[in-house]
Amino acid sequence: VQLVESGGGLVQPGGSLTLSCAASGNIFRINDMGWYRQAPGRQRELVSGSRFTISRDNAKNTVYLRMNSLKPEDTAVYYCNALILSSADGVSRYYWGQGTQVTVSS
(Lines give C-alpha, C1' and ligand atoms only; values in the text may rest on other atoms or scores of the structure.)
Protein backbone atom coordinates (compact mmCIF):
# COMPACT_ATOMS: atom_id res chain seq x y z
CA VAL A 1 0.00 0.00 0.00
CA GLN A 2 1.25 3.47 -0.88
CA LEU A 3 0.01 6.94 -0.08
CA VAL A 4 1.16 9.68 -2.43
CA GLU A 5 0.55 13.32 -1.61
CA SER A 6 0.59 16.15 -4.11
CA GLY A 7 -0.34 19.81 -4.38
CA GLY A 8 2.13 21.42 -2.02
CA GLY A 9 4.09 24.52 -2.86
CA LEU A 10 4.61 28.19 -2.14
CA VAL A 11 1.55 30.35 -1.48
CA GLN A 12 1.14 33.93 -0.30
CA PRO A 13 -0.47 34.73 3.05
CA GLY A 14 -4.23 34.77 2.68
CA GLY A 15 -4.11 32.37 -0.22
CA SER A 16 -5.58 28.90 -0.64
CA LEU A 17 -4.20 25.52 -1.53
CA THR A 18 -5.60 22.04 -2.03
CA LEU A 19 -3.57 18.94 -1.24
CA SER A 20 -4.37 15.48 -2.54
CA CYS A 21 -3.48 12.04 -1.21
CA ALA A 22 -4.07 8.96 -3.30
CA ALA A 23 -3.88 5.45 -1.87
CA SER A 24 -2.94 2.48 -4.03
CA GLY A 25 -1.98 -1.15 -3.68
CA ASN A 26 -3.63 -4.09 -1.94
CA ILE A 27 -6.57 -2.19 -0.49
CA PHE A 28 -9.67 -3.98 0.69
CA ARG A 29 -11.10 -1.06 2.59
CA ILE A 30 -9.97 2.36 3.77
CA ASN A 31 -11.37 2.90 7.23
CA ASP A 32 -10.09 6.39 7.81
CA MET A 33 -7.97 9.04 6.13
CA GLY A 34 -6.70 12.29 7.54
CA TRP A 35 -4.01 14.93 7.48
CA TYR A 36 -1.19 15.84 9.83
CA ARG A 37 1.53 18.43 9.59
CA GLN A 38 4.97 18.99 11.03
CA ALA A 39 6.66 22.35 11.19
CA PRO A 40 10.43 22.67 11.75
CA GLY A 41 11.30 21.98 15.35
CA ARG A 42 7.78 20.92 16.26
CA GLN A 43 5.95 17.65 16.73
CA ARG A 44 3.65 16.26 14.09
CA GLU A 45 0.09 17.40 14.73
CA LEU A 46 -3.37 16.73 13.43
CA VAL A 47 -4.62 19.33 10.97
CA SER A 48 -7.81 20.89 12.25
CA GLY A 49 -9.68 24.18 12.31
CA SER A 50 -12.28 26.09 10.37
CA ARG A 51 -9.81 27.09 7.66
CA PHE A 52 -9.22 23.46 6.73
CA THR A 53 -11.68 21.19 4.93
CA ILE A 54 -11.11 17.48 4.42
CA SER A 55 -13.03 15.57 1.79
CA ARG A 56 -12.82 12.09 0.29
CA ASP A 57 -13.44 10.51 -3.08
CA ASN A 58 -13.95 6.87 -2.16
CA ALA A 59 -14.05 5.75 -5.79
CA LYS A 60 -10.54 7.12 -6.27
CA ASN A 61 -9.20 6.18 -2.81
CA THR A 62 -8.24 9.83 -2.48
CA VAL A 63 -8.50 12.35 0.32
CA TYR A 64 -8.20 16.11 -0.14
CA LEU A 65 -7.24 18.94 2.17
CA ARG A 66 -8.51 22.36 1.22
CA MET A 67 -6.69 25.12 3.09
CA ASN A 68 -7.98 28.70 3.07
CA SER A 69 -6.72 31.99 4.47
CA LEU A 70 -3.27 30.53 4.86
CA LYS A 71 -0.87 32.05 7.37
CA PRO A 72 2.92 31.87 7.62
CA GLU A 73 2.48 29.64 10.69
CA ASP A 74 0.80 27.07 8.46
CA THR A 75 4.18 26.43 6.87
CA ALA A 76 4.97 22.76 7.38
CA VAL A 77 5.32 19.39 5.75
CA TYR A 78 1.84 17.96 5.37
CA TYR A 79 1.35 14.22 5.68
CA CYS A 80 -1.51 11.98 4.73
CA ASN A 81 -2.43 9.19 7.14
CA ALA A 82 -4.77 6.29 6.49
CA LEU A 83 -6.05 3.19 8.27
CA ILE A 84 -6.28 0.55 5.56
CA LEU A 85 -7.46 -3.02 5.61
CA SER A 86 -5.15 -4.97 3.34
CA SER A 87 -6.58 -7.30 0.74
CA ALA A 88 -3.34 -9.27 0.85
CA ASP A 89 -3.39 -10.44 4.46
CA GLY A 90 -6.59 -9.11 6.01
CA VAL A 91 -4.72 -6.90 8.49
CA SER A 92 -5.52 -3.26 9.17
CA ARG A 93 -2.53 -0.91 9.38
CA TYR A 94 -1.82 2.77 9.53
CA TYR A 95 0.10 4.14 6.57
CA TRP A 96 1.82 7.47 6.03
CA GLY A 97 2.59 9.34 2.87
CA GLN A 98 5.98 10.84 2.16
CA GLY A 99 4.81 14.37 2.90
CA THR A 100 4.44 17.49 0.81
CA GLN A 101 5.92 20.88 1.68
CA VAL A 102 3.63 23.86 2.09
CA THR A 103 5.30 27.24 2.48
CA VAL A 104 3.26 30.35 3.20
CA SER A 105 5.32 33.43 2.51
CA SER A 106 5.20 36.71 0.66
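## A buried arginine

Arg37 is buried here, with a relative accessible area of 13%; the cut-off for calling a residue buried is under 20%. Keep in mind that this is a predicted model. As for where Arg37 sits, look in strand β4, which covers residues 27-38.

What does the side chain of Arg37 make polar contacts with? One partner is the side chain of Asp74, at 2.9 Å. Another is the side chain of Tyr78, joined to Arg37 by a polar contact of 3.0 Å. If you skip residues up to four places away in sequence, Arg37 touches Gln43, Arg44, Glu45, Val47 and Phe52, and also Asp74, Ala76, Val77 and Tyr78.

## The disulfide

How many disulfides are there? The count comes to one. Cys21 and Cys80 form it, with their sulfur atoms 2.1 Å apart. The link between Cys21 and Cys80 is left-handed, at -80 degrees about the S-S bond. Cys21 belongs to strand β3 (residues 17-24) and Cys80 to strand β8 (residues 76-86), so this pair ties together parts that sit 59 residues apart in sequence. Both Cys21 and Cys80 are buried.

## The nonpolar core

In soluble globular proteins, nonpolar side chains tend to be buried together. In this model, the largest nonpolar core has 25 residues, and the ones touching the most other members are Trp35, Met67 and Tyr78. Strands β3, β4, β7 (62-67), β8 and β10 (100-104) each chip in at least two residues. Which strand gives the most to this core? That would be β8, with five residues.

Two of those core residues are worth a second look. Tyr78 is the one whose side chain also has the 3.0 Å polar contact with Arg37. Met67, leaving aside neighbours within four places in sequence, is in contact with Gly15, Ser16, Leu17 and Leu19, along with Arg51, Phe52, Tyr78 and Val102. Phe52 turns up in the contact list of Arg37 as well.

## Strand β1 and its partner

Strand β1 (residues 2-6) has side chains that alternate. Which of them are buried? Leu3 and Glu5, which point to one face, are buried, while Gln2, Val4 and Ser6 point to the other face and are not.

For a partner, β1 has β3, and the two pair in the antiparallel sense over five bridges. If you want a spot to start from when tracing that pairing, Ser6 stands opposite Ser20 in β3. Strand β3 is also where you find Cys21 of the disulfide.

Technical notes
Residues are numbered from 1 along each chain as its sequence is written. This is a predicted model: local features need pLDDT of at least 70, side-chain atom pairs count only at pLDDT 80 or more; totals for chains, interfaces and linings use all residues. Side-chain values use heavy atoms; hydrogens and water are left out. Helices (H or I, at least four residues) and strands (E, at least two) are DSSP runs, numbered from the N terminus. Buried means under 20% relative accessible area, exposed over 50%, partly exposed in between (1.4 Å probe, protein chains only). A polar contact is a pair of N or O atoms within 3.5 Å; within protein, one must be able to donate a hydrogen and the other to accept it, and residues adjacent in sequence count only if both atoms are side-chain atoms. Contact means heavy atoms within 4.5 Å. A disulfide is a pair of cysteine sulfur atoms within 2.5 Å. A nonpolar core is a set of buried Ala, Val, Leu, Ile, Met, Phe, Trp, Tyr and Cys residues joined through side-chain atoms within 4.5 Å. Two strands pair if DSSP finds at least two bridges between them.
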